[in-house]
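Reader: I'd like a close look at one part of this structure, the surface near the DNA. Please take it slowly, as I'm new to this.

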There are 2 protein chains.
Amino acid sequence: MQDNGAVTADDVANAAGVSRWTVARAFKKDASISRKSREKVLAAAEALGYAPDLLASSLASDRSNLVAIINNDFSNPHKLVVLERLTRILWTRGWGTLLVHMSDSEDASAALLAASQRRVDAAVVIGTRFDDRILGTALGARRVKKLVIFARYSQNPDTLTIACDDVIAMREIADHLLSRGYQHPVYLAGPDTQSAKLHRKTTFTEYWQARTGFSVRSIHADAYDFGAAIDRVTALFAEGGPRPDVLVCENDIIAIGAMDALRYRLGLRVPQDVAVTGFDDIPLAGSPAYGLTTYRQPITAMTERLLDVLEGRLSSDVHLPGLFVARSTT
Amino acid sequence: MQDNGAVTADDVANAAGVSRWTVARAFKKDASISRKSREKVLAAAEALGYAPDLLASSLASDRSNLVAIINNDFSNPHKLVVLERLTRILWTRGWGTLLVHMSDSEDASAALLAASQRRVDAAVVIGTRFDDRILGTALGARRVKKLVIFARYSQNPDTLTIACDDVIAMREIADHLLSRGYQHPVYLAGPDTQSAKLHRKTTFTEYWQARTGFSVRSIHADAYDFGAAIDRVTALFAEGGPRPDVLVCENDIIAIGAMDALRYRLGLRVPQDVAVTGFDDIPLAGSPAYGLTTYRQPITAMTERLLDVLEGRLSSDVHLPGLFVARSTT
DNA sequence: CCGCCGCTTGCACGCGCGTGCAAGAAAAAT
DNA sequence: ATTTTTCTTGCACGCGCGTGCAAGCGGCGG
């Protein structure tokens with residue numbers, strides 16, 4: 001027992017009458033150690049309040065069991081759902097999570113550098129706006145071993161994508177709208193970034209065109225928050241052209257902004273005057289105020305696949321189907 | 001340069017023609033080193049792509065520059081605001097953030113243990129429900145050096161509280177309501193936990209009693225989310241007793257649930273039939289759908305004080321005033 | 001030109017644990 | 001009982017860097 005209060009493996013070894021290495025083995029799942037001495041060690045450890053020092057362990061083994069979660073979008077409540085799943089599920093499997101804030105202003109390499117300095121075994125990007133190429137070069141220069149793009153698509157070959165299958169999802173939404181007789185959708189997307197887009201917009205517009213022969217207009221909000229969506233939708237209707245009968249939104253938070261604009265800026269009813277669909281199924285989407293028709297991303301399943309990647313069982317892109325949720329806005 | 005691609009201080013030392021320790025000094029702010037050799041080292045480091053290994057550094061110096069953020073409430077969007085501030089501001093000062101999920105079912109010591117095994121310099125609890133005493137004993141047994149309760153109150157002597165000043169806040173809300181002529185408030189709180197409460201309820205009820213002579217009824221939702229608030233408010237009005245003219249809610253997410261219940265379950269208007277106040281000023285509170293009168297916690301200032309604690313300039317509880325925000329629900 | 005002082009640099013040692021090997025102990029086979 | 005095999009344990013070395021001290025270097029006044 002050191003003076004600073006930390007108990008080391010040596011202390012446990014002394015107490016249990018074995019060597020330090022036997023102590024280490026007792027804490028390792030598949031180590032070659034007799035049941036008797038493992039029990040002896042664990043009892044001594046328990047008595048002394050010993051727990052292995054993961055920092056020293058990481059340094060020695062070159063495996064930190066740490067993953068960096070890199071995010072630059074803290075305005076969408078859905079990120080909270082993602083964080084909850086990631087931290088909880090990864091933790092049950094022994095993985096720690098380092099939350100790294102990626103400012104939009106700087107490039108992603110600072111975030112990646114911060115992660116690599118802590119020797120994370122992988123970095124998971126859950127942010128919404130980032131430059132795909134910069135991420136790639138930053139990855140090349142640093143020693144982040146794995147880079148996973150979560151709930152987002154990446155074209156970068158050094159990167160692994162784990163995402164909801166946008167194609168299946170948007171077709172299901174389009175089929176639903178067609179079956180309800182909607183004819184004039186407008187697609188409301190987030191900011192028109194250069195890379196790491198979703199496939200939702202193109203899937204929807206192309207599929208709609210294929211099924212009806214009519215093309216779909218799409219517009220972009222300035223940011224991924226409901227304020228920007230309110231402004232964009234208000235502006236859309238101020239143009240005075242033919243009125244859409246449904247707004248297909250890239251995610252729920254934008255859809256909620258769209259609904260607020262329709263109801264409180266434009267005095268229109270949802271869905272009687274204009275219908276709305278979202279994406280993500282955030283908690284608020286199920287509230288009586290919104291009752292948003294949306295599509296739930298399979299975050300839990302996606303996190304399981306992330307574990308597969310972390311633990312070396314998977315090394316290719318994954319696109320998983322989610323769940324269409326029909327409520328009262330269509 | 002190692003074969004695994006990592007550049008160490010030794011590599012930089014060779015390239016710059018100095019010793020490894022001079023390299024370390026070049027990266028340390030107030031180290032005794034000549035300007036010439038610092039520039040030489042930094043140039044070599046830049047050329048090689050060297051960045052100090054924080055893991056090894058932590059092990060050697062017994063300072064990790066890591067803080068654990070312990071949370072068990074992922075249903076309140078305000079947590080996203082808190083996480084954004086904490087990660088961004090702490091990062092600018094060289095602190096990394098480990099996000100730890102604290103399940104409600106188990107006690108807090110597992111979370112604290114996880115943090116201590118990574119040698120965090122401090123743990124910051126931002127969760128809403130936790131047992132104050134267990135936290136204390138867990139702290140005693142582990143080597144987490146500092147335990148900070150953030151945006152919450154703790155009675156535990158081993159713990160530091162950094163929070164919004166509930167007393168000032170609730171008096172301001174009460175004064176506002178009194179000036180608007182409200183007479184029959186009901187206080188709507190979250191779950192009635194045994195410890196680590198906020199002071200909002202007692203402050204409000206006592207202050208209201210002192211100013212009007214009338215006592216305030218208070219009720220509790222089963223959870224800190226809007227669904228539970230909807231149920232509780234619906235049940236309250238189903239009782240059929242005298243109707244309150246304002247619902248004073250412990251936070252915004254509960255206030256939003258209350259508003260949804262009033263509007264969509266009970267057919268009442270806000271604020272004409274019943275007024276509502278919240279707490280936190282989450283983004284949604286400013287939306288046209290809610291326009292919630294609320295009180296903004298000074299998260300940025302609180303984070304600055306947290307830095308003071310982390311860097312040893314402060315070691316006592318802090319209660320900071322926030323900002324009352326009057327909107328259209330009162 | 002000498003000696004003292006202040007600035008700069010090098011270095012031994014340690015942080016706590018993992019890896020891979022080899023020796024020792026126990027069990028199995030002969 | 002002896003040899004062989006299997007299991008279990010101990011250990012040297014290293015992971016990359018920080019701390020504290022001592023040696024080296026230059027400059028100044030006398």
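**Where protein and DNA meet**

Author: Start with DNA strand C: of its atoms within 4 Å of the protein, 57% are in sugar or phosphate, and the rest are in bases. Before going on, know that this is a predicted model, in which local features need pLDDT of at least 70, side-chain atom pairs count only at pLDDT 80 or more, totals for chains, interfaces and linings use all residues, and side-chain values use heavy atoms, with hydrogens and water left out. Residues are numbered from 1 along each chain as its sequence is written, while chains are lettered from A and ligands numbered from 1 in the order in which they are written.

Now look at who sits around strand C. There are 24 residues around it, and A:Ala9, A:Tyr50, B:Ser19, B:Thr22 and B:Arg25 come nearest (a residue is near a strand if one of its heavy atoms lies within 4 Å of it). Both chains appear in that list. By class, the 24 residues split into eleven nonpolar, eight polar and five charged (Ala, Val, Leu, Ile, Met, Phe, Trp, Tyr, Cys and Pro count as nonpolar, Asp, Glu, Lys and Arg as charged, and the others, Gly among them, as polar).

Zoom in on some atom pairs. A polar contact is a pair of N or O atoms within 3.5 Å; within protein, one must be able to donate a hydrogen and the other to accept it, and residues adjacent in sequence count only if both atoms are side-chain atoms. For the backbone of the DNA, B:Ser19 has a side-chain N or O atom 2.6 Å from a phosphate oxygen of strand C. For the bases, try the Trp21 residues: a polar side-chain atom of B:Trp21 is 2.8 Å from a base nitrogen of strand C, and an N or O atom in the side chain of A:Trp21 is 3.2 Å from a base oxygen of strand C. As for the elements, α2 (20-26) and α4 (54-61) of chain A, along with α2 (20-26) and α4 (54-61) of chain B, give two or more residues each to this surface. Helices here (H or I, at least four residues) and strands (E, at least two) are DSSP runs, numbered from the N terminus. The biggest giver is α4(A), with four residues.

While you're at α4(A), check its ends. At the N-terminal end, A:Asp53 acts as a cap, with a side-chain oxygen 2.8 Å from the backbone nitrogen of A:Leu55. After the helix comes A:Asp62, whose phi is positive, near 65 degrees.

Next, swing over to DNA strand D. It has 25 residues around it, the closest being A:Ser19, A:Thr22, A:Arg25, B:Ala9 and B:Tyr50. Of its atoms that come within 4 Å of the protein, 57% are in sugar and phosphate. A:Trp21 turns up again: one of its polar side-chain atoms lies 2.8 Å from a base nitrogen of strand D. A:Arg25 reaches a base nitrogen too, with a side-chain N or O atom 2.7 Å from it. On the phosphate side, a polar backbone atom of B:Asp53 is 3.3 Å from a phosphate oxygen of strand D. Here α4(B) has the largest share of the surface, four residues, and the classes come to twelve nonpolar, eight polar and five charged.

So how do the two chains relate? Chain B can be laid on chain A with an RMSD of 0.1 Å by a turn of 180 degrees and a shift of 0.0 Å along the axis (superposed by least squares on the C-alpha atoms of residues with pLDDT of at least 70 in both). The two copies are therefore related as by a two-fold rotation axis. In chain B, the C-alpha nearest that axis belongs to B:Leu98, 2.2 Å away.

Finally, the chains touch each other as well. Each of chain A and chain B puts 54 residues into the contact (heavy atoms within 4.5 Å). About 4800 Å² is buried between them, 65% of it from carbon and sulfur atoms; buried area is the accessible area (1.4 Å probe) that two parts lose on being put together, summed over both. There are two salt bridges between the chains, meaning a side-chain nitrogen of Lys or Arg within 4 Å of a carboxyl oxygen of Asp or Glu. One of them brings back a familiar residue: B:Arg119 pairs with A:Asp53, the closest N and O atoms being 2.5 Å apart.
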